[in-house]
Amino acid sequence: MAAPITLHLEFGGGAELLFDGVKDHQVTLPSQSQPWDMKQLLVWIRANMLKERPELFVQGDTVRPGILVLINDADWELMGELTYEIQDQDSVVFISTLHGG
């Protein structure tokens, strides 16, 4: 069984408003039999952290178009997106590029 994983999550560009206006979060993911991946992290974030309007953050099993995701300062598209296996002490940043006008 995999040990619990501690992560730094950051929400910006307006995405923090969906999380009670808090940008920075230190979270510990519980241990589970399979390694954590980004797809599972998004499910966990939606169930445990997202405070309102989930449709503005997730769409299906991924982030909504217009949300930039960085894993350890690299675009998640370079890291395997939903299949990236999360490591202890990873930093994951979600930045909304969607702006009303």
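**Exercise 1. Which strands does helix α1 lie across, and at what angle does α1 run to β7?**

Before we start, two notes on the model. This is a predicted model, in which local features need pLDDT of at least 70 and side-chain atom pairs count only at pLDDT 80 or more, while totals for chains, interfaces and linings use all residues. Residues are numbered from 1 along each chain as its sequence is written, and side-chain values use heavy atoms, with hydrogens and water left out.

*Solution.*
- Step 1: Find the elements, where helices (H or I, at least four residues) and strands (E, at least two) are DSSP runs numbered from the N terminus. The protein chain has two helices and seven strands, in the sequence pattern β-β-α-β-β-β-β-α-β.
- Step 2: Locate helix α1 at residues 38-48.
- Step 3: Look at what α1 lies across: β1, β2, β5 (67-71) and β7 (91-96).
- Step 4: Take the angle, which is about 65° to β7. Here axes are lines fitted to C-alpha atoms, for helices over the stretch in contact (heavy atoms within 4.5 Å); angles run from 0 to 180 degrees between N-to-C directions.

**Exercise 2. Work out the strand order of the open sheet and identify its edge strands.**

*Solution.*
- Step 1: Apply the pairing rule: two strands pair if DSSP finds at least two bridges between them.
- Step 2: Write the order of the five strands, β2-β1-β7-β5-β6, with mixed pairing.
- Step 3: Pick out the strands that pair on one side only, namely β2 (24-29) and β6 (74-75).
- Step 4: Zoom in on β1 (residues 5-12), which pairs with β2 in the antiparallel sense over six bridges. Across this pair, T6 stands opposite T28, and H8 has Q26 as its bridge partner.

**Exercise 3. Sort the side chains of β2 by face, and say which are buried.**

*Solution.*
- Step 1: Recall the general rule that side chains in a regular strand alternate between the two faces of the sheet.
- Step 2: Set the cut-offs: buried is under 20% relative accessible area, exposed is over 50%, and partly exposed is in between (1.4 Å probe, protein chains only).
- Step 3: Put H25, V27 and L29 on one face, where they are buried. D24, Q26 and T28 point to the other face and are not buried.

**Exercise 4. Describe the largest nonpolar core.**

*Solution.*
- Step 1: Define a nonpolar core as a set of buried Ala, Val, Leu, Ile, Met, Phe, Trp, Tyr and Cys residues joined through side-chain atoms within 4.5 Å.
- Step 2: Count its members: the largest core has 29 residues, and those with the most contacts inside it include L9, L41, I45 and F94.
- Step 3: Name the elements that give two or more residues: β1, β2, α1, β5 and β7. The most come from α1, with five residues.
- Step 4: Follow L9 beyond its neighbours within four places in sequence: its contacts include V27, L41, I45, V92 and F94.

**Exercise 5. Compare the settings of E55 and M79, and give the separation of their C-alpha atoms.**

*Solution.*
- Step 1: Place E55 in the loop between α1 and β3 (58-59), and M79 in helix α2 (residues 76-79).
- Step 2: Check accessibility. E55 is partly exposed because its relative accessibility is 43%; M79 is partly exposed too, at 29%.
- Step 3: List the contacts of M79, leaving aside neighbours within four places in sequence: I71, A74 and Y84.
- Step 4: Read the distance: the two C-alpha atoms are 24 Å apart, for residues 24 positions apart along the chain.
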